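Thanks for sharing this one with me. Here are my notes, set out point by point, for you to read alongside the coordinates.

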Amino acid sequence: MNEKKTKIGIFGGTFNPPHLGHVRLANEAAERIGADKVLIIPSCIPPHKMPGKLAGGEERMEMCRLAFEGELFEVSSIELDRGDKSYTVETLRELKKIYPDAELYFIIGSDMLETFTRWYCWEEIMTLATICAASREEGFKADLSVFTSEQRERIIFLDIEPLEVSSTQIRVEIAKNGTPEFLSPAVLGYIEENGLYDDGLSEYRKILREKLDDYRIYHSECVSECAAVLAEKYGADPEKARLAGLMHDVMKNADSDGHFEYIEKSGERLTPVDFSNPKVWHQISGAAYLKESGIITDGEILGAVRWHTTGKADMSLLEKIVYVADFISADRDYPDVGVVRRLAEKSLEDAILYTSRYTVNKLVSKNLPIHPATVECYNDMIINSERG
Ligand code: DGI
Ligand code: FE
Ligand code: FE
């Protein structure tokens with residue numbers, strides 16, 4: 001009769017993938033609660049919210065089994081089995097039936113407390129389980145005035161120092177073939193074996209590693225990311241933008257023999273002005289190399305590489321996007337970059353006008369020749385902006 005009740009911790013999440021921040025939170029919470037068991041519950045992700053890159057339910061279950069080691073943890077498919085969007089209250093009702101004599105502890109990040117009263121049947125949730133709020137930010141104090149004093153007694157704060165890690169960061173790092181931090185080796189092994197979170201560009205990255213230095217590769221990743229965001233915003237194909245951005249500087253580190261080898265192969269005829277502007281060679285040889293080696297056949301992408309340095313009049317949407325992304329990508333830090341980033345929020349054309357004017361000014365101040373395409377790009381933008 002007086003027997004101590006079993007304490008069960010409940011820790012849900014998308015776990016895409018589960019990382020060491022999750023594991024540490026679950027371990028520490030279990031210790032403070034004195035839990036006899038912690039249920040790890042991967043949530044169901046509705047199909048429309050899950051682009052191909054994300055891992056499916058069965059894969060997330062398996063990664064959780066690998067990540068949360070030890071007798072304490074049990075990975076439960078209760079929400080995946082129910083399918084569709086799961087409500088916490090339904091999960092807790094079901095668990096109460098399975099463990100009628102246990103005390104349930106629902107583990108969440110304390111930032112979730114702020115929106116908690118908008119959860120479906122939140123009051124019932126509080127009768128079913130004690131809420132364990134793990135403090136995410138240091139010194140975080142939630143506003144508890146919305147809760148009755150009785151409800152407040154059902155909330156425990158756990159002061160747990162957060163790890164600087166997110167599943168999103170880890171997915172990006174894996175897509176780049178990098179070594180993600182805060183991921184258990186077993187989970188990383190599983191991800192690699194099953195080709196999870198592959199963005200399909202690893203073959204292209206292999207080429208970049210042969211042709212470019214580390215800084216230039218980093219720059220290319222940044223342009224790729226930025227171009228994809230701009231494409232999403234302005235209605236271009238984000239996958240094409242991502243690839244064009246990734247490969248735009250592929251010939252940046254080549255010597256003149258390298259440039260002219262591919263320009264010759266492509267049969268493109270260079271003008272005397274082209275010859276006198278070495279900085280623009282890589283846009284010509286880059287497009288030629290990608291085309292002649294059969295790496296990229298899509299004409300839109302080739303065009304975006306071909307004109308990314310000078311720009312030109314009447315650029316296509318994808319050409320505009322890569323031109324702007326090259327100037328404002330996350331790695332860029334020259335004085336005017338903030339202005340152009342703000343312009344690009346509203347209008348690609350305004351961003352191009354500013355960028356081409358900046359380039360012309362810089363070249364003039366350095367006594368360098370200006371490529372006619374750069375001038376035509378500037379003229380195209382200034383004429384259209386005056387009309388508009
Ligand atoms: O390759 P990135 O450094 O990422 O960027 P980019 O392809 O825009 O190249 C920038 C360089 O190219 C910069 O040093 C300025 C130079 N450039 C751009 N337009 C012209 C130009 N150089 C000459 N000579 N003429 C141009 O019209
Ligand atoms: Fe370039
Ligand atoms: Fe570039």
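1. Let me start with the loop between β1 and α1, where F15 is found. F15 is not a glycine, yet its phi is positive, at about 50°. Please keep in mind throughout that this is a predicted model, so the backbone here is a computed one.

2. A little further along, N16 and P17 are joined by a cis peptide bond, with omega about 0°. P17 lies in the loop that runs between β1 (7–13) and α1 (20–33). It is worth having both details on screen together: the positive phi at F15 and the cis bond between N16 and P17.

3. Now to the metals. Which residues coordinate the iron ion (ligand 2)? The donors are D249 through OD, H282 through NE2 and H308 through NE2, at 2.1 to 2.2 Å. Along the sequence these donor residues follow the spacing D-x32-H-x25-H. D249 sits in the loop between α11 (238–247) and α12 (256–266), and H308 in the loop between α15 (299–306) and α16 (317–328), so this pair ties together parts that are 59 residues apart in sequence.

4. The iron ion (ligand 3) has its own set of donors: H219 (NE2), H248 (NE2), D249 (OD) and D326 (OD), at 2.1 to 2.3 Å. Their spacing in sequence reads H-x28-H-D-x76-D.

5. How far apart are the iron ion (ligand 2) and the iron ion (ligand 3), and which residue bridges them? The two ions lie 3.5 Å apart, and D249 is the bridge. If you label one residue in a figure of the metal site, I would be glad to see D249, which coordinates both ions.

6. Ligand 1 deserves a close look too. Among its polar contacts, N277 places a polar side-chain atom 2.5 Å from a nitrogen atom of the ligand. R216 has a side-chain N or O atom 3.0 Å from an oxygen atom of ligand 1. H308 brings a polar side-chain atom to 2.9 Å from an oxygen atom of ligand 1; H308 is also a donor to the iron ion (ligand 2).

7. How much of ligand 1 does the protein bury? Taken alone, the ligand exposes 560 Å², and the protein buries 87% of that. The space that ligand 1 takes is the second largest pocket. Two or more residues of the surrounding shell come from each of α10 (214–234) and α18 (348–365).

8. Finally, the make-up of that shell. There are 18 residues around ligand 1, of which K252, N277, T309, R332 and T374 come nearest. By class, the shell divides into 4 nonpolar, 8 polar and 6 charged residues.

Terms used. Residues are numbered from 1 along each chain as its sequence is written. Chains are lettered from A and ligands numbered from 1 in the order in which they are written. This is a predicted model: local features need pLDDT of at least 70, side-chain atom pairs count only at pLDDT 80 or more; totals for chains, interfaces and linings use all residues. Side-chain values use heavy atoms; hydrogens and water are left out. A residue is near a molecule or strand if one of its heavy atoms lies within 4 Å of it. A polar contact is a pair of N or O atoms within 3.5 Å; within protein, one must be able to donate a hydrogen and the other to accept it, and residues adjacent in sequence count only if both atoms are side-chain atoms. Accessible areas come from the Shrake-Rupley method with a 1.4 Å probe; for residues, only the protein chains shown count as cover. On a 1 Å grid over the protein atoms alone, a cavity is a set of points where a 1.4 Å probe fits but cannot get out, and a pocket is an open set with protein on both sides within 12 Å along at least five of seven lines; lining residues have an atom within 4 Å of a point. A molecule sits in a cavity or pocket if more than half of its atoms lie within 2 Å of its grid points. Helices (H or I, at least four residues) and strands (E, at least two) are DSSP runs, numbered from the N terminus. Ala, Val, Leu, Ile, Met, Phe, Trp, Tyr, Cys and Pro count as nonpolar, Asp, Glu, Lys and Arg as charged, and the others, Gly among them, as polar. Donors are N, O and S atoms within 2.8 Å of the metal (3.2 Å for Na, K and Ca); water is not among the atoms, so sites may look incomplete.
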